[in-house]
Amino acid sequence: MKPHTVLFCALLPLGLGACATATAPGAVSAPVPAQWSAPLPPQAGHAANAGLPEKPHQGKLTDLTQWWQQQGDPLLVELIAAAQAVSPTVATARSRIEQSRATQVAAGAALGPSLDASASVNRGRSLQSGGGSDLAPIVTTTQGGLQASWEIDVFGGNRASRNAADERLAGAEAQWHDARVSVAAEVANQYYSLRSCDQLAQITRTDATSRQETARLSSLSTRAGFTAPATDALARASAAEASGRATQQSAQCELDLKALVALSGLPEPDLKQKVAMAHYPRPQAAIFSIANVPADALAQRPDVFSAARDVAAASADVGSADAQRYPRLSLGGSIGASNFRSGGLSASLTTWSIGPLALSVPLFDGGRRAADVQAAQARYDEAAALYRAKVRQAVREVEEALVSLQSTAAREGDAQTAVAGYRAAFTGTEARYQSGLASLVELEDARRSQLAAQTTQVSLQRERLSAWVALYRAMGGGWTRALPETGHQGKANAATEATAAVATFVPPAASSQAPAAAPVRR
């Protein structure tokens with residue numbers, strides 16, 4: 001048989017296999033509504049807000065990254081920075097970036113040849129046979145060489161593995177941003193909880209002081225015979241209840257402070273002093289604005305971006321597993337040099353070789369390779385389902401935050417009216433009580449109503465701030481698709497290409513570049 005005929009027969013399985021290589025589905029879609037279903041807050045609208053104050057963030061999603069600085073509260077910024085520095089969640093995400101980067105390097109190295117060097121020195125003597133008394137001379141052998149090997153990636157299995165590693169690295173970098181956003185939101189919520197607790201503590205202390213004064217006057221009136229003992233007992237009970245409520249509220253503030261200590265890692269005495277000296281700015285009516293199209297918001301979600309990268313990586317894994325079912329072609333080579341020295345004589349030998357050019361054709365493996373492809377396909381389907389679920393969850397979180405904002409905004413005016421009305425009613429009832437025209441029961445009812453209205457107002461402010469934090473978190477914290485270029489510090493992409501196509505993702509089949517874009521159709 002002629003040499004070229006042999007080569008043709010050897011390469012025939014490669015050509016046949018190339019026609020049968022399987023690929024993952026071409027696209028994963030996650031439909032989203034054209035606009036938000038929940039009502040937008042008044043400050044997030046457009047034409048209807050012509051007479052409102054200028055928005056702090058000019059309606060730009062990327063300005064979310066400056067949200068904390070624009071709150072006018074330096075302590076909040078300091079706490080977030082400290083918490084992100086000591087957060088185990090951020091540290092874990094940073095570690096995963098390093099692991100993914102190492103995996104990427106290893107996967108890329110598989111595409112090129114490998115080169116190993118070896119060296120050895122051997123010294124020995126052999127006894128002569130035949131019963132002679134003379135010993136053989138000492139022989140010193142020195143050897144050195146280079147061995148090269150290269151698996152030719154005929155079916156793209158190694159390229160697919162490298163692409164999967166690129167996608168997972170991009171996803172890990174996005175998860176690091178997501179971890180920082182989560183920590184910032186958690187710290188902000190805890191900080192706002194402490195602020196609300198301090199306000200409630202002041203209200204309960206004022207209420208307790210007022211009730212104690214009423215109890216003191218009632219006691220004097222009882223001893224003078226002007227007030228019944230039962231009324232005095234009611235006043236003392238009311239004062240004791242208010243004192244207990246104030247003590248409980250103070251303890252809750254201590255718990256909130258300790259939670260901030262755990263989150264930020266700051267010493268408790270220092271943090272307590274900072275909190276005591278902090279000036280709480282008046283909450284802004286408009287913290288930031290959002291667009292009407294959900295796709296614009298989803299582009300700001302690092303977790304959605306990471307989920308899309310997982311889909312791309314799973315798609316590449318399918319190709320890599322499928323490539324293992326087909327023949328493999330490898331090429332080797334070596335260069336070596338040897339030196340032999342014995343009894344003052346020496347000899348050198350240099351060798352080189354190219355080959356073998358080896359072809360390995362899988363014939364029977366009990367279905368293992370086919371099962372690997374099925375498992376990779378199942379993981380792809382799982383990643384696709386998780387991506388769709390992540391998109392739906394992102395829409396849900398934004399919708400829920402918008403509902404909460406609309407609800408708190410609608411109730412704010414009623415709460416202010418209730419506080420003003422119950423305060424005026426209590427003031428009038430207290431004046432009537434001191435003049436003997438109202439009973440203590442009426443006074444306590446008015447006081448209780450005033451306290452409830454004040455508590456509701458503070459809780460409403462806290463709920464509104466929590467809704468803004470939830471919306472900040474749902475929008476991805478202002479993260480953009482420009483990933484960190486060096487180390488762990490990234491630069492924001494000035495132009496965010498956020499369109500409705502963000503919910504349709506096509507996994508790249510053989511891309512050689514690390515992704516730096518949101519999940520858009522390619």
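Visitor: Are Tyr191 and Tyr192 buried or exposed?
Guide: In this predicted model, the two tyrosines share one description. Tyr191 and Tyr192 are both buried.

Visitor: How are the rings of Tyr191 and Tyr192 arranged, and what is the pair called?
Guide: A search of the whole structure gives 2 aromatic pairs. In the pair of Tyr191 and Tyr192, the ring centres are 6.1 Å apart and the planes stand at 50°. Planes under 30 degrees apart would count as stacked and over 60 as edge-to-face. The angle of 50° falls under neither heading, so the pair is tilted.

Visitor: What separation do the C-alpha atoms of Asp256 and Tyr191 have?
Guide: Asp256 belongs to helix 5. Along the chain, Asp256 and Tyr191 are 65 residues apart. Their C-alpha atoms are separated by 7.9 Å.

Visitor: Why does Asp256 count as buried?
Guide: A residue is called buried when its relative accessible area is under 20%. Asp256 therefore counts as buried, because its relative accessibility is 7%.

Visitor: Which residue has a side chain joined to that of Asp256 by a polar contact?
Guide: Leaving aside neighbours within four places in sequence, Asp256 is in contact with Gln190, Ser193, Leu194 and Cys197. A polar contact of 3.3 Å links the side chain of Asp256 to that of Ser193.

Visitor: Where is Asp153, and which residues does it touch?
Guide: Asp153 sits in the loop between strand 3 (139-152) and helix 4. It is buried, because its relative accessible area of 16% is under 20%. Not counting residues up to four places away in sequence, Asp153 touches Leu111, Asn158 and Arg159.

Visitor: Which helices do the buried residues of helix 2 pack against?
Guide: Helix 2 (residues 74-86) has 13 residues and spans 19 Å between its first and last C-alpha, close to the 18 Å expected. Its buried residues are Leu75, Leu76, Leu79, Ile80, Ala82, Ala83 and Gln84. They pack against helix 3 (88-109), helix 4 (157-223), helix 5 (229-264) and helix 6 (268-277).

Visitor: How many residues of helix 8 are buried?
Guide: Helix 8 (residues 302-323) has 22 residues. From its first C-alpha to its last it reaches 32 Å, close to the 32 Å expected at 1.5 Å a residue. The helix is mostly covered, and the buried residues number 21 of 22.

Visitor: Which strands stand at the edges of the open sheet?
Guide: The open sheet has 4 strands in the order 2-3-4-5, with antiparallel pairing. An edge strand has a single partner, so one of its sides is left without a neighbour in the sheet. The strands in that position are strand 2 (114-124) and strand 5 (345-360).

Visitor: What is the average twist from one strand to the next?
Guide: The sheet runs in the order 2-3-4-5. From one strand to the next, the twist averages 10°.

Visitor: How many bridges join strand 2 to strand 3?
Guide: Leu115 stands opposite Ala148 in strand 3. Asp116 has Gln147 as its bridge partner in strand 3. The two strands run antiparallel, and the bridges joining them number 11.

Visitor: What is the count of buried residues in strand 2?
Guide: Strand 2 is an edge strand with a single partner. It is hardly covered, and among its 11 residues the count of buried ones is 0.

Visitor: How many bridges join strand 3 to strand 4?
Guide: Gly145 stands opposite Gly336 in strand 4. Strand 3 and strand 4 run antiparallel, and the bridges between them number 14.

Visitor: Which residue in strand 5 stands opposite Arg328?
Guide: Strand 4 (residues 328-342) pairs with strand 5 in the antiparallel sense over 14 bridges. Opposite Arg328, in strand 5, stands Ser360.

Visitor: Which residues does the cis peptide bond in strand 5 join, and what is omega?
Guide: Most peptide bonds are trans. Pro356 lies in strand 5. The cis bond joins Gly355 and Pro356, with omega about 5°.

Visitor: What percentage of the protein's residues count as buried?
Guide: The protein has 10 helices and 6 strands. Among contacts between residues at least 6 apart in sequence, 81% join residues at least 24 apart. Of the 522 residues, the buried share is 40%.

Conventions: Residues numbered from 1 in each chain as written. Predicted model: local features only at pLDDT ≥ 70, side-chain atom pairs only at ≥ 80, totals over all residues. Heavy atoms only, no water. Expected span 1.5 Å × (residues − 1). Buried < 20%, exposed > 50% of the residue type's maximum accessible area, 1.4 Å probe, protein only. Contact = heavy atoms within 4.5 Å. Polar contact = N/O pair within 3.5 Å; in protein donor to acceptor, adjacent residues only side chain to side chain. Pairing = 2+ DSSP bridges. Axes fitted to C-alpha atoms, helices over the stretch in contact; angles between N-to-C directions. Phe/Tyr/Trp six-rings, centres within 6.5 Å; stacked < 30°, edge-to-face > 60°.
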